[in-house]
Amino acid sequence: MMEFKAALINEIEKLYKKKKILVSALISFIVIVLGQIVIIAMRNGFGLRGVSSMEFPILVLSIISNIILPLFTILITIDSFSGEFSHNTIKLSLTRPITRLKLFTAKLTAIIVFILSNLIFVMIFSMAAGFIFNSNTISLLSFSRIILSYLITLFPMIVFSLIIVFLVNIFKNGISVFFLSILIFIIFKFLSIIFYKYSGLFFTSMFDWYKLWIMDRLPLYKIFCEFMMMLSYGIIFFTGSYYLFDKKDF
């Protein structure tokens with residue numbers, strides 16, 4: 001356990017020293033500011049109601065979870081794995097008294113910490129903006145729904161990161177993995193629109209899983225089905241990724 005803890009701290013330090021973390025936070029903050037400016041302009045210029053204190057953080061989450069967070073998850077995952085493969089710095093980590101499984105899990109956990117930190121950062125600032133400009137709509141129910149929506153978004157993002165880890169362990173070139181990941185993401189988004197009846201089978205549709213949790217009447221069966229689908233994806237890609245990682249000759 002001590003070996004895993006040390007490896008995890010090391011991986012988190014390596015990730016948070018990269019400028020991509022700061023850029024991700026900056027872009028997320030800009031999205032929040034611009035979103036609120038647009039809503040205020042529409043309200044004052046066109047007399048539209050705009051959005052409530054609950055609706056604004058959920059609106060921001062829709063943009064973050066479908067565009068910004070997947071993009072930076074790809075970049076961070078590539079840095080964590082492919083970057084070390086190409087520079088052979090992975091050998092330094094393996095010289096420590098730690099198994100490959102613990103090292104692999106530590107890297108994956110560090111990526112999850114990044115995703116969760118980004119979600120919490122966006123949630124706090126979007127809630128602050130929503131409450132400041134729409135304070136009359138604050139309620140305990142809306143507050144709890146916002147927190148729930150952001151926290152459960154972590155699960156589909158973990159599945160997505162596992163898919164990227166799987167690709168990274170197949171292809172050595174980080175640039176190839178980046179463009180392939182973007183291409184796969186776009187293709188699956190396109191397919192989920194065309195074959196909307198089967199969209200639940202595509203991992204990209206899972207980024208909107210939080211919408212099921214904020215309905216007035218919870219669709220428990222659909223929530224369970226999507227959870228099992230994500231769990232299946234996670235088990236498959238975790239097993240496949242670790243198998244490839246373990247077989248690599250560093």
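This is a short walk through one protein chain, from its overall makeup to a few buried residues.

First, a caution. The model is predicted.

Let's start with the whole chain. It has 250 residues, and 44% of them count as buried. What about secondary structure? How many helices and how many strands are there? The chain has 11 helices and 0 strands. So reading along the sequence you just get α after α: α-α-α-α-α-α-α-α-α-α-α.

Next, the contacts. Take pairs of residues at least 6 apart in sequence that are in contact. Of those contacts, 80% join residues at least 24 apart.

Now the surface. The accessible surface of the chain is about 13300 Å². Carbon and sulfur atoms account for 74% of that.

One part of that surface deserves a stop. There is a nonpolar patch on the surface, with about 760 Å² of accessible area together. Its members are Leu26, Phe29, Ile30, Val33, Leu34, Ile37, Ile120, Ile124 and Phe125. Which elements give two or more residues to the patch? They are α2, residues 19–46, and α6. Helix α2 gives the most, with 6 residues. Leu26, for one, sits in α2.

Let's go inside. The largest nonpolar core has 63 residues. Which of them touch the most other members? Ile115, Tyr150 and Phe160 do. And where does the largest share of this core come from? Helix α6, residues 100–133, supplies it, with 15 residues. As background, nonpolar side chains tend to be buried together in soluble globular proteins.

Stay with α6 for a moment. Look at Ile115. Setting aside residues up to four places away in sequence, Ile115 touches Leu69, Thr73, Leu154, Met157 and Ser161. Ile112 is also found in helix α6. Beyond its neighbours within four places in sequence, Ile112 is in contact with Leu154 and Ile158. Ile112 and Leu154 are 42 residues apart along the chain, yet their C-alpha atoms are separated by 7.9 Å. So Leu154 turns up twice: Ile115 touches it, and Ile112 is in contact with it.

On to Ser161. Ser161 lies in helix α8, residues 154–168. Is Ser161 buried or exposed? It counts as buried, because its relative accessible area is 0%, and the cut-off for buried is under 20%. What does Ser161 touch, not counting residues up to four places away in sequence? The list is Thr73, Thr77, Leu108, Ile111 and Ile115.

That brings us to Thr77. Thr77 lies in helix α3, residues 55–80. Thr77 is buried too, with a relative accessible area of 0%. Its contacts, leaving aside neighbours within four places in sequence, are Ser82, Ile111, Ser161, Ile164 and Val165. Note Ile111. Ser161 touches Ile111, and Thr77 is in contact with Ile111. One more distance here. Thr77 and Val168 are 91 residues apart in sequence and 8.1 Å apart in space, C-alpha to C-alpha.

Now switch to α7. Helix α7 has 13 residues. From its first C-alpha to its last it reaches 18 Å, close to the 18 Å expected at 1.5 Å a residue. Which residues of α7 are buried? They are Ser142, Arg145, Ile146, Ser149, Tyr150 and Ile152. Remember Tyr150 from the core, where it is among the residues that touch the most other members.

Pick out Ser149. It is found in α7, which covers residues 140–152. Ser149 has a relative accessible area of 0%, so it is buried. Apart from neighbours within four places in sequence, Ser149 is in contact with Ile58, Leu61, Tyr210 and Ile214.

Last stop, Trp209. Where is Trp209? It lies in the loop between α9, residues 174–194, and α10, residues 210–213. Why does this loop residue count as buried? Because its relative accessibility is 3%, and the cut-off is under 20%. Leaving aside neighbours within four places in sequence, Trp209 is in contact with Ile152, Phe155, Pro156, Ile223, Glu226, Phe227 and Met230. Ile152 is one of the buried residues of α7. And Trp209 ties back to Ser149 in space: they are 60 residues apart along the chain, with C-alpha atoms separated by 8.5 Å.

To recap. The chain has 11 helices and 0 strands. Helix α6 brings the largest share of the largest nonpolar core. Helix α2 gives the most to the nonpolar patch on the surface.

Terms used:
Residues numbered from 1 in each chain as written. Predicted model: local features only at pLDDT ≥ 70, side-chain atom pairs only at ≥ 80, totals over all residues. Heavy atoms only, no water. Core = buried A, V, L, I, M, F, W, Y, C linked by side-chain atoms within 4.5 Å. Buried < 20%, exposed > 50% of the residue type's maximum accessible area, 1.4 Å probe, protein only. Helix = DSSP H or I, 4+ residues; strand = E, 2+ residues; numbered from the N terminus. Contact = heavy atoms within 4.5 Å. Areas by Shrake-Rupley, 256 points an atom, 1.4 Å probe, with all protein chains shown as cover. Patch = residues over 30% accessible without salt bridge, like charges linked within 9 Å, V, L, I, M, F, W, Y side chains within 5 Å. Salt bridge = Lys/Arg side-chain N within 4 Å of Asp/Glu carboxyl O. Expected span 1.5 Å × (residues − 1).
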